[in-house]
Amino acid sequence: MFVPFRTPDFDKFPDALKELLEENESLIKSLLQAKNRDYRSFVRPYMETFEKIDLFSTPLAHLNSVENSKKTQQAYEASLPLLSHYHTKLSQNRELFEAFSEIMGEDRARQEVIRQELRDFRLSGVDLPEKEKRRLETIDLKLSELNNHFSQ
C-alpha cells in the first residue's frame, strides 16, 4: 500500500527524527527483555522499526535529491549523524546479534531473513573490539557525509 507523500517540516525534521529513533530504541530494548522470542514477536517488530524510519525519512531524502534547497540540505545534513549513529549502534549490538542467533525461522523465507540479518551484523562489525567499532562508526559517518556532498 502506498503511503501519502507528505512534505516534512524541514526546521523540525532532525528533532522529530531523533524522537522517532528514541522510540525505536525503547521498543527494541523491550523486545530484548522478552523471554520468549520468535520471528513474529521479535524479528518482525524489530524490522518494522526500520520501516518507520524509511517512511519518515524518504520524503526528505527524495526532496533533497530532486528539489534541493538550503532548507532540505540543512535538514538532511543534520539527520545524517543521527541515522549513522543509530544504525551503527544497532548493527554492532552483541545482544541483538545473539537474540537473532537464537531464533529459528518457521519457513525458508524467515530463515533467510534471519540469515541475512546475522550476516549484516557480522559485516557491520559486531565481532570487532570496541576501538575498531568506534573507528568503523567514524568511517561510516564520513562516508555518508561524502556521499551527500558528492550528490550536491
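**Notes on a six-helix model**

1. Starting with the empty space: the largest pocket holds about 260 Å³. Bear in mind that this is a predicted model. The pocket's lining comes to 14 residues, and those nearest its centre are Phe 50, Ser 91, Glu 117, Asp 120 and Ser 124. Four elements each give two or more residues to that lining, namely α2, α3 (70-91), α5 and α6 (130-151). Sorted by class, the lining has seven nonpolar, four polar and three charged residues.

2. Now the overall picture. The chain has six helices and zero strands, so to speak a plain α-α-α-α-α-α when you read along the sequence. Taken along the principal axes, the box filled by the C-alpha atoms is roughly 45 × 40 × 25 Å.

3. Next, α1 against α2. Helix α1 (residues 13-33) packs on α2 at an angle of about 175°, and the two axes are 10 Å apart. Because an angle over 145 degrees counts as roughly antiparallel, α1 is roughly antiparallel to α2. On the α1 side the contact includes Phe 13, Ala 16, Leu 17, Leu 20 and Leu 21, along with Asn 24. From α2 come, among them, Phe 42, Pro 45, Tyr 46, Ile 53, Phe 56 and Leu 60, as well as Lys 52. The class split here is 15 nonpolar, four polar and one charged.

4. What about α2 and α5? Helix α2 (residues 39-66) and helix α5 (residues 108-123) pack at about 55°, with 12 Å between their axes. That angle makes α2 oblique to α5, and α2 passes α5 in a left-handed crossing. Tyr 39, Arg 40, Val 43, Tyr 46 and Met 47 make the contact from α2, while α5 brings Arg 110, Val 113, Ile 114, Glu 117 and Phe 121. These residues divide into seven nonpolar, no polar and three charged. Two residues here turn up elsewhere in these notes: Tyr 46 is also in the contact of α2 with α1, and Glu 117 is also among the residues nearest the centre of the largest pocket.

5. Last pair: α3 and α6. Their axes come within 9 Å and cross at roughly 155°, and the two helices are therefore roughly antiparallel to each other. The crossing of α3 past α6 is right-handed. For the contact, α3 supplies Gln 73, Tyr 76, Glu 77, Leu 80, Pro 81, Ser 84, His 85 and Thr 88. Facing them from α6 are Glu 137, Asp 140, Leu 141, Ser 144, Glu 145 and Asn 148. By class, that contact has four nonpolar, six polar and four charged residues.

6. One thing to look at on screen: how do the helix pairs relate to the pocket? α2 and α5, the oblique pair, both give two or more residues to its lining. α3 and α6, the roughly antiparallel pair with the right-handed crossing, do so too.

Technical notes: Residues numbered from 1 in each chain as written. Predicted model: local features only at pLDDT ≥ 70, side-chain atom pairs only at ≥ 80, totals over all residues. Heavy atoms only, no water. Axes fitted to C-alpha atoms, helices over the stretch in contact; angles between N-to-C directions. Parallel < 35°, antiparallel > 145°, perpendicular 65-115°, else oblique. Left-handed = near helix turned anticlockwise from the far one by under 90°. Contact = heavy atoms within 4.5 Å. Nonpolar A, V, L, I, M, F, W, Y, C, P; charged D, E, K, R; others polar. 1 Å grid on protein atoms, 1.4 Å probe; cavity = no way out; pocket = protein on both sides within 12 Å on 5 of 7 lines; lining within 4 Å. Points joined across faces, edges and corners; volume = space filled by probe spheres on them.
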